[in-house]
Amino acid sequence: MANLTGIMKKAAVEAVRASNPVEFMFGTVVKEEPLTINIEQKMELTEEFLILTSSVSLYETKINNQKSIVDNSLKKDDQVLLARVQGGQKFIVLDRM
């Protein structure tokens, strides 16, 4: 009986995950250092909860065999599009709006 209960719990958790794998949100950068983003006027996310794409970060790349710095870092008041990762603990900052 305990095994059946465990299987049912696992199936329920997987069904919830499958029904809402990603949620898109809008946010505003309220502070650059440390990076802080306010999402939909509900909560503030700090760097530890954010995953930055190259569209919104400072990174180094090679162009014509030379190292180049690309500065796409976010600035105060930038409007951004975020995707909440399944489970809601991390948010991917996809791009500016």
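Select Ser57 and Thr53 together, and look for the place where a polar atom of the Ser57 side chain comes to 2.9 Å from the backbone oxygen of Thr53. The model on your screen is a predicted one, and every distance or angle on this tour is computed from its atoms. Ser57 belongs to the loop that leads from strand 4 to strand 5, the latter covering residues 58-63. Is Ser57 buried or exposed? Its relative accessible area is 14%, and because a residue counts as buried when that value is under 20%, Ser57 is buried. To see what lies around Ser57, add Leu52, Val70, Asp71, Asn72 and Ser73 to the selection, since these are the residues in contact with Ser57 once its neighbours within four places in sequence are left aside.

**Second stop: Asp78**

Now move along the chain to Asp78, which sits in the loop between strand 6 (66-71) and strand 7 (79-84). Which side chain makes a polar contact with the side chain of Asp78? Show Arg96, and you will find the two side chains in polar contact at 3.1 Å. Arg96 is also one of the residues that Asp78 touches when residues up to four places away in sequence are not counted, and the others are Gly27, Thr28 and Val29. Asp78 has a relative accessible area of 17%, which is under the 20% limit, and therefore Asp78 is buried as well.

**Third stop: the open sheet**

Colour the strands next, and trace an open sheet of six strands whose order is 3-2-1-7-8-4, with mixed pairing. At its edges are strand 3 (43-46) and strand 4 (50-52), each of which pairs on one side only. If you turn the view slowly, you can follow how neighbouring strands of this sheet are turned against each other by 40 degrees on average, with direction ignored. As general background, the strands of a sheet pair through backbone hydrogen bonds, and they may do so in a parallel or an antiparallel way.

Zoom in on strand 2, residues 36-39, and its partner strand 3: they run antiparallel and are joined by four bridges. Two of the pairs to pick out are Ile37, whose bridge partner in strand 3 is Leu45, and Asn38, whose bridge partner in strand 3 is Glu44. Between these two strands the hairpin has three residues, and in this hairpin Glu40 takes a positive phi near 45 degrees.

**Fourth stop: backbone angles to look for**

Before the next selections, it helps to know that most residues other than glycine have a negative phi, and that most peptide bonds are trans. Select Glu33 and Pro34, which are joined by a cis peptide bond with omega at about -5 degrees. Pro34 is placed in the loop between strand 1 (23-31) and strand 2.

Continue to the loop between strand 5 and strand 6, where you will find Asn64 and also Asn65. Asn64 is a residue other than glycine with a positive phi, near 50 degrees, while the phi of Asn65 is likewise positive, near 65 degrees. What is the relative accessibility of Asn64? The value for Asn64 is 73%, and for Asn65 it is 71%; because exposed means over 50%, Asn64 counts as exposed, and so does Asn65.

**Last stop: the chain as a whole**

Zoom out, and select Leu4 in helix 1, which covers residues 2-19. With a relative accessible area of 47%, Leu4 is partly exposed. Add Thr61, which is 57 residues away from Leu4 along the chain, and the distance tool should give 53 Å between their C-alpha atoms.

With the whole chain in view, you can count one helix and eight strands, and reading from the N terminus the elements run α-β-β-β-β-β-β-β-β. The C-alpha trace spans about 65 × 40 × 20 Å along its principal axes. The radius of gyration of the chain is 18 Å, whereas a compact globule of 97 residues would have a value near 13 Å. Of the 97 residues, 21% are buried, and the chain exposes about 7100 Å², of which carbon and sulfur atoms supply 55%. Finally, among the contacts with a separation of 6 or more, 45% are between residues 24 or more positions apart.

Terms used
Residues numbered from 1 in each chain as written. Predicted model: local features only at pLDDT ≥ 70, side-chain atom pairs only at ≥ 80, totals over all residues. Heavy atoms only, no water. Pairing = 2+ DSSP bridges. Axes fitted to C-alpha atoms, helices over the stretch in contact; angles between N-to-C directions. Rg over C-alpha atoms; globule rule 2.2 N^0.38 Å. Buried < 20%, exposed > 50% of the residue type's maximum accessible area, 1.4 Å probe, protein only. Contact = heavy atoms within 4.5 Å. Areas by Shrake-Rupley, 256 points an atom, 1.4 Å probe, with all protein chains shown as cover. Polar contact = N/O pair within 3.5 Å; in protein donor to acceptor, adjacent residues only side chain to side chain.
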